[in-house]
Amino acid sequence: MSKVSILKEFWDFLKVRKRFWLAPIIIILLLLSVLIMFAQSSAVAPFIYTLF
């Protein structure tokens, strides 16, 4: 199963179930996870960790 099909299926779920309020929560969680992954492998990690 490709990533595109998972995203399409999730979007269809949001449309059918009228759960559009879930989209911002998912986006914020994804952005935070990318930030944490970036912070683990860079020299700016001490500065990012002070935010939390």
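Which element gives the largest share of the lining of the largest pocket? Before I answer, please keep in mind that what we are looking at is a predicted model.

The pocket in question has a volume of about 160 Å³, and the elements that contribute two or more residues to its lining are helix 1, spanning 3-17, and helix 2, spanning 22-40. Of these, helix 1 supplies the largest share, with five residues. If you follow the lining along the chain, you will meet Ile6, Leu7, Phe10, Trp11 and Leu14, and then Ala23, Ile26, Ile27 and Leu30. In character, this lining is made up of nine nonpolar residues, with no polar and no charged residue among them.

Let me stay with helix 1 for a moment, which has 15 residues and reaches 21 Å from its first C-alpha to its last, close to the 21 Å expected at 1.5 Å a residue. Just after this helix comes Lys18, which takes a positive phi of about 55 degrees.

I would also like to return to Trp11, which we met in the pocket lining. A search of the whole structure finds one aromatic pair, and that pair joins Trp11 with Phe20, the ring centres lying 5.8 Å apart. Why do we call this pair tilted? The planes stand at 55 degrees, which falls between the limit of 30 degrees for stacked rings and that of 60 for edge-to-face ones, so the pair counts as tilted. As for accessibility, Trp11 is partly exposed, with a relative accessible area of 43%, and Phe20 is likewise partly exposed, at 42%.

Key:
Residues numbered from 1 in each chain as written. Predicted model: local features only at pLDDT ≥ 70, side-chain atom pairs only at ≥ 80, totals over all residues. Heavy atoms only, no water. 1 Å grid on protein atoms, 1.4 Å probe; cavity = no way out; pocket = protein on both sides within 12 Å on 5 of 7 lines; lining within 4 Å. Points joined across faces, edges and corners; volume = space filled by probe spheres on them. Helix = DSSP H or I, 4+ residues; strand = E, 2+ residues; numbered from the N terminus. Nonpolar A, V, L, I, M, F, W, Y, C, P; charged D, E, K, R; others polar. Expected span 1.5 Å × (residues − 1). Phe/Tyr/Trp six-rings, centres within 6.5 Å; stacked < 30°, edge-to-face > 60°. Buried < 20%, exposed > 50% of the residue type's maximum accessible area, 1.4 Å probe, protein only.
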